[in-house]
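Student: I would like a close look at one part of this chain, the stretch around a single loop residue and the helices beside it. Please set it in the context of the whole model.

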Amino acid sequence: MSATTDKKLVEGLEHLRLADKCMKTSLFKWKPDLDGAAAEFAKAGTAFKNAKAYDQAIESYVKAAEAQKAMNSYPFLSYEQAGLLCKENKAYDQAVDFMELAAYMFQEHGTPDTAALTLEKAAKMVEQTHPSKAIHLYKKACEVAECEDRPMQSGEAIGKAARLLVKENRFDEALECLKKEINFYLEVESYAHVRKVVLGIILIHLHQEDYVAADQFFRTALSYPEFGTSEEAGAVQDLLRAYDDGDDESARSTLSLPIFKYMDNAFAKLARDMKVPGGIVRSKSPEGGTSGSLGTADEEEKYPGGLC
């Protein structure tokens with residue numbers, strides 16, 4: 001343990017002593033000094049955090065929050081600090097609990113935009129370890145932003161939930177979230193975002209081998225402003241045609257376009273792994289022409305007499 005760490009630990013303990021002193025009552029001091037105690041607990045938390053004594057830091061910040069709450073002050077920052085330190089301590093469940101509490105306090109004190117951001121921050125913490133919890137938090141952030149009539153923020157939050165749902169192969173739930181995302185972006189006329197989400201929905205339907213749903217949604221999307229004449233619309237039309245024709249080569253060529261290739265990882269993976277049912281792979285014949293084979297069957301098996 002370094003001298004600096006020792007110094008910070010001693011500093012933290014001293015602030016705790018002063019905080020306890022503020023909380024005591026006596027014959028001449030009938031009420032605890034909550035304001036002074038909260039300040040000392042917060043200083044103790046900072047000192048312990050700098051010493052990487054996370055358990056003591058968390059406890060100090062929680063005590064600071066409790067003191068602030070008792071005097072109807074603003075405990076959300078202390079709860080948020082406790083949550084962030086729980087993450088450092090890899091206590092993810094506890095981290096989320098504190099972050100949700102901080103978000104609730106932010107909302108209660110009239111800063112809902114910060115509440116939504118706090119929920120998103122909490123979701124980001126647990127995306128890898130607890131994806132279902134992260135999805136819940138992103139949805140909650142969307143609801144908070146929606147209540148405050150912030151469609152852009154709502155769209156971003158529900159979109160993050162949708163992409164996690166795709167990664168978790170929960171496609172029906174993902175579709176619901178993506179359709180909500182489109183509605184939020186339409187509200188703020190963010191048509192570039194709308195076009196990207198449309199691509200994602202089409203990829204999910206085709207991944208589920210539901211050409212009819214993909215085609216129906218594409219026809220719906222043509223009514224969205226600026227979509228019908230966009231590069232995305234042309235690419236989707238080419239992809240649907242290739243998929244319907246069972247033309248794996250054409251589908252693969254379309255899916256290698258930058259608008260698919262550089263999508264969010266969750267959707268880019270769907271594009272890479274796309275399978276065209278009964279897909280025909282066209283290859284050069286010995287005579288220099290083209291012949292067809294079934295991409296999903298034995299590659300040595302040819303259509304007698306060529307393809308119709």
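Tutor: What follows starts with the whole chain, turns to the requested part, and ends with a helix pair elsewhere.

The model is predicted. Its mean pLDDT is 89, and 90% of the residues score at least 70. The chain has 308 residues, of which 46% count as buried. Its secondary structure consists of 15 helices and two strands. Among contacts with a separation of 6 or more, 53% join residues 24 or more positions apart.

Confidence varies along the chain. Of the elements, helix 9 (residues 171–187) has the highest mean pLDDT, 98, while strand 2 (residues 290–294) has the lowest, 41. Over residues 281–308 pLDDT stays under 50, and for this stretch the model has 34 contacts beyond four places in sequence.

The loop residue to look at is Met 274, which is found between helix 15 and strand 1 (280–284). Its relative accessible area is 4%, under the 20% limit, so Met 274 is buried. Which residues is Met 274 in contact with, leaving aside its neighbours within four places in sequence? They are Leu 203, Leu 206, His 207, Tyr 243, Arg 252 and Leu 255. A separate distance concerns Gln 208: its C-alpha atom is 9.7 Å from that of Met 274, although the two residues are 66 apart along the chain.

Helix 10 spans residues 191–207, and His 205 has its place there. With a relative accessible area of 8%, His 205 is buried. Not counting residues up to four places away in sequence, His 205 touches Leu 175, Asp 210, Ala 213, Ala 214 and Phe 217.

The loops on either side of helix 10 each hold a residue with an unusual backbone angle to note. Glu 189 is found in the loop between helix 9 and helix 10, and Glu 209 lies in the loop between helix 10 and helix 11 (211–221). Phi of Glu 189 is near 60°, a positive value in a residue other than glycine. Phi of Glu 209 is likewise positive, near 60°. Glu 189 is exposed, with a relative accessible area of 57%; for Glu 209 the relative accessible area is 57%, and this residue is exposed too.

Returning to the helix before the Met 274 loop, helix 15 (residues 265–272) packs with helix 8 (residues 151–167) at an angle of about 40°, their axes being 8 Å apart. That angle makes helix 8 oblique to helix 15. Their crossing is left-handed. On the helix 8 side the contact uses Arg 163, Val 166 and Lys 167, which meet Ala 266, Phe 267 and Leu 270 of helix 15. By class, the residues of this contact are four nonpolar, no polar and two charged.

For comparison, here is another pair. The axes of helix 2 (residues 34–50) and helix 3 (residues 54–70) come within 8 Å and cross at roughly 160°. The two helices are therefore roughly antiparallel to each other. Helix 2 passes helix 3 in a left-handed crossing. Residues making the contact include Leu 34, Phe 41 and Phe 48 of helix 2, and Tyr 54, Tyr 61 and Ala 64 of helix 3. The residues of this contact divide into twelve nonpolar, five polar and two charged.

Note on methods:
Residues are numbered from 1 along each chain as its sequence is written. This is a predicted model: local features need pLDDT of at least 70, side-chain atom pairs count only at pLDDT 80 or more; totals for chains, interfaces and linings use all residues. Side-chain values use heavy atoms; hydrogens and water are left out. pLDDT is the predictor's confidence in each residue, from 0 to 100. Helices (H or I, at least four residues) and strands (E, at least two) are DSSP runs, numbered from the N terminus. Contact means heavy atoms within 4.5 Å. Axes are lines fitted to C-alpha atoms, for helices over the stretch in contact, and angles run from 0 to 180 degrees between N-to-C directions. Angles under 35 degrees count as roughly parallel, over 145 as roughly antiparallel, 65 to 115 as roughly perpendicular and the rest as oblique. A crossing is left-handed if the near helix is turned anticlockwise from the far one by less than a right angle, and right-handed if clockwise. Ala, Val, Leu, Ile, Met, Phe, Trp, Tyr, Cys and Pro count as nonpolar, Asp, Glu, Lys and Arg as charged, and the others, Gly among them, as polar. Buried means under 20% relative accessible area, exposed over 50%, partly exposed in between (1.4 Å probe, protein chains only).
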